[in-house]
Amino acid sequence: MVFIDACFRKKTPYTPIWMMRQAGRYLPQYMEVRNKAGDFLTLCKNPAMAAEVTLQPVEILDVDAAILFSDILVIPLEMGMDLRFEKGEGPVFSNPVRTMEDLERLYDYPEERLTYVYETIKIVRKKLPKEKALIGFSGAPWTLATYMVEGRGSKTYATIKKLIYTDPAFMHALMVKVTEAIKAYLVKQIESGVNAVQIFDSWASALEKEKYFEFGWDYLVDIAQFLKERYPHIPVILFPKGIAGYLDDIYGKFDVFGVDWSTPIDLAKAKLGEKYVLQGNMEPTRLYSKEATKEGVEKIIEIMGAKPGHIFNLGHGMFPDLPVENAKYLVELVHDLTRR
Ligand code: CP3
């Protein structure tokens, strides 16, 4: 698989590409299945339908990898938290976790209840062309904790940050519980057939450096190291968003570092490019314009070269109203400009 070879810095015929949030509302075919399911969570829990939307971007865009269709929040959901997706607001938990008693009420083994995810993986891997990879994923402990404590998306992360400074023992207990659940969940995804895993630390930039390493990165690389010891052939991709200023301190055993759009890729290359394969990082908003897309692609390829060490991706997720045609154009352009 071109994508897997690229994760291990092997020679490939071109630079592979996939896009974060490549399955979603910008695809009319996705909207059709989602409307049939009724709502997003029902879609996630229906393996046949979730498999269908996982495969759509591979068929429509010819990306080199499919990413499992699910959500990072299924772990807290299956720990017993009550999750709703509200129009215009995104995810909401009506019973946030803020005390030791709240934490003790959570179920310790959500991976046992996530069987619909493993079923989806098995269906996708059966239907996906052999040369295309299937990426499994999870949220990072820190990013999951922000939703579990705040109860919803947040601009300030005031509640969870206050707990970091006022009750670090509780915060570490929460992080340990979430970290163990993620390990068990990713093991089950791998055993079900995913070819690589990505862990999304979307809200890494909410913490000052010292606290990010203590409550975010240290737990994240603990998961990566746990997986690499058991599954050396499965690439592990880490995506901590918005931490350009912390690159000097990045450490750990994993394969691919996901570069977000706010981190200049030349900086990431200088600091991390020898140690890790880099994935990224075109600003997703460029996809509204073909010219802006071409300019973005050329700039990144000029820096990373048409050679091993780079996987093309966006620097964060796609938007729901992006023109599909431009996404197709991006995939073709990256393949054409990097063919060797
Ligand atoms: O195509 C893919 O990338 C695979 C599927 C995927 C989804 N969510 C589907 C989804 C993945 C990998 C995610 C990860 C995810 N979910 C993250 C980390 C990545 C990132 O974007 O930083 C986060 C923070 C979440 C939490 C989440 N889920 C939010 C904030 C929202 C609401 C925002 C929105 O776009 O409506 C979701 C819902 C969600 N997850 C949708 C999809 C396709 C939209 C649901 C719909 O309306 O159909």
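Contact here means that heavy atoms lie within 4.5 Å, and the model to which the views below belong is a predicted one.

**View 1. Phenylalanine 69 and the residues that it touches.** Not counting residues up to four places away in sequence, phenylalanine 69 touches Ala23, Tyr30, Phe40, Leu43, Cys44, Ala50, Val53 and Thr54. Phenylalanine 69 sits in the loop between strand 1 (65-67) and helix 5 (74-78), and its relative accessible area of 7% makes phenylalanine 69 a buried residue. Its C-alpha atom is separated by 8.2 Å from that of threonine 120, although the two residues are 51 residues apart along the chain. Phe69 is also part of a cluster, linked by ring pairs, that includes Tyr30, Phe40 and Phe85.

**View 2. Leucine 41 in helix 3.** Helix 3 (residues 40-45) contains leucine 41, which has a relative accessibility of 13% and therefore counts as buried. When neighbours within four places in sequence are left aside, leucine 41 is in contact with Leu77, Leu83 and Phe85, and Phe85 is in turn one of the members of the ring cluster shown in the previous view. Valine 74 follows at a separation of 33 residues in sequence from leucine 41, while the distance between the two in space is 8.8 Å, C-alpha to C-alpha.

**View 3. The ligand and its surroundings.** The ligand is surrounded by 22 residues, of which the closest are Arg25, Tyr30, Arg34, Ser202 and His316. In the side chain of tyrosine 30, an N or O atom is 2.5 Å from an oxygen atom of the ligand, and the side chain of arginine 34 likewise has an N or O atom 2.5 Å from a ligand oxygen atom. A nitrogen atom of the ligand, in turn, has a polar side-chain atom of aspartate 71 at 2.7 Å. The ligand taken alone exposes 860 Å², and 89% of that is buried by the protein. Tyr30, one of the closest residues to the ligand, also belongs to the cluster that ring pairs form with Phe40, Phe69 and Phe85.

**View 4. Two aromatic pairs.** A pair of aromatic rings is described by the distance of the centres and the angle of the planes. With ring centres within 6.5 Å as the criterion for a pair, the count comes to 13 aromatic pairs. In one of them, tyrosine 107 and tyrosine 109 have ring centres 6.0 Å apart and planes at 80 degrees, so this pair is edge-to-face. Tyrosine 107 is partly exposed, at a relative accessible area of 26%, and tyrosine 109 is also partly exposed, at 44%. The rings of phenylalanine 213 and tyrosine 246 have their centres 6.4 Å apart and their planes at 50 degrees, so that pair is tilted. Because phenylalanine 213 lies in helix 12 and tyrosine 246 in the loop between strand 6 (236-240) and strand 7 (256-258), the pair ties together parts that are 33 residues apart in sequence. Phenylalanine 213 and tyrosine 246 are both buried.

**View 5. The two sides of helix 10.** In helix 10 (residues 158-166), the buried residues are Ile160, Leu163 and Ile164. These residues cover an arc of only 105 degrees around the axis, and therefore they lie on the same side of helix 10. Lys162 and Thr166, on the other side of helix 10, are exposed. The cover over the buried residues of helix 10 includes helix 9 (141-150), helix 11 (168-192) and helix 12 (209-230), and helix 12 is also where phenylalanine 213 of the preceding view lies.

Conventions
Residues are numbered from 1 along each chain as its sequence is written. This is a predicted model: local features need pLDDT of at least 70, side-chain atom pairs count only at pLDDT 80 or more; totals for chains, interfaces and linings use all residues. Side-chain values use heavy atoms; hydrogens and water are left out. Buried means under 20% relative accessible area, exposed over 50%, partly exposed in between (1.4 Å probe, protein chains only). Helices (H or I, at least four residues) and strands (E, at least two) are DSSP runs, numbered from the N terminus. The arc is that of the directions from the helix axis to the C-beta atoms. A residue is near a molecule or strand if one of its heavy atoms lies within 4 Å of it. A polar contact is a pair of N or O atoms within 3.5 Å; within protein, one must be able to donate a hydrogen and the other to accept it, and residues adjacent in sequence count only if both atoms are side-chain atoms. Accessible areas come from the Shrake-Rupley method with a 1.4 Å probe; for residues, only the protein chains shown count as cover. Rings of Phe, Tyr and Trp (its six-membered ring) pair if their centres lie within 6.5 Å; planes under 30 degrees apart count as stacked, over 60 as edge-to-face and the rest as tilted.
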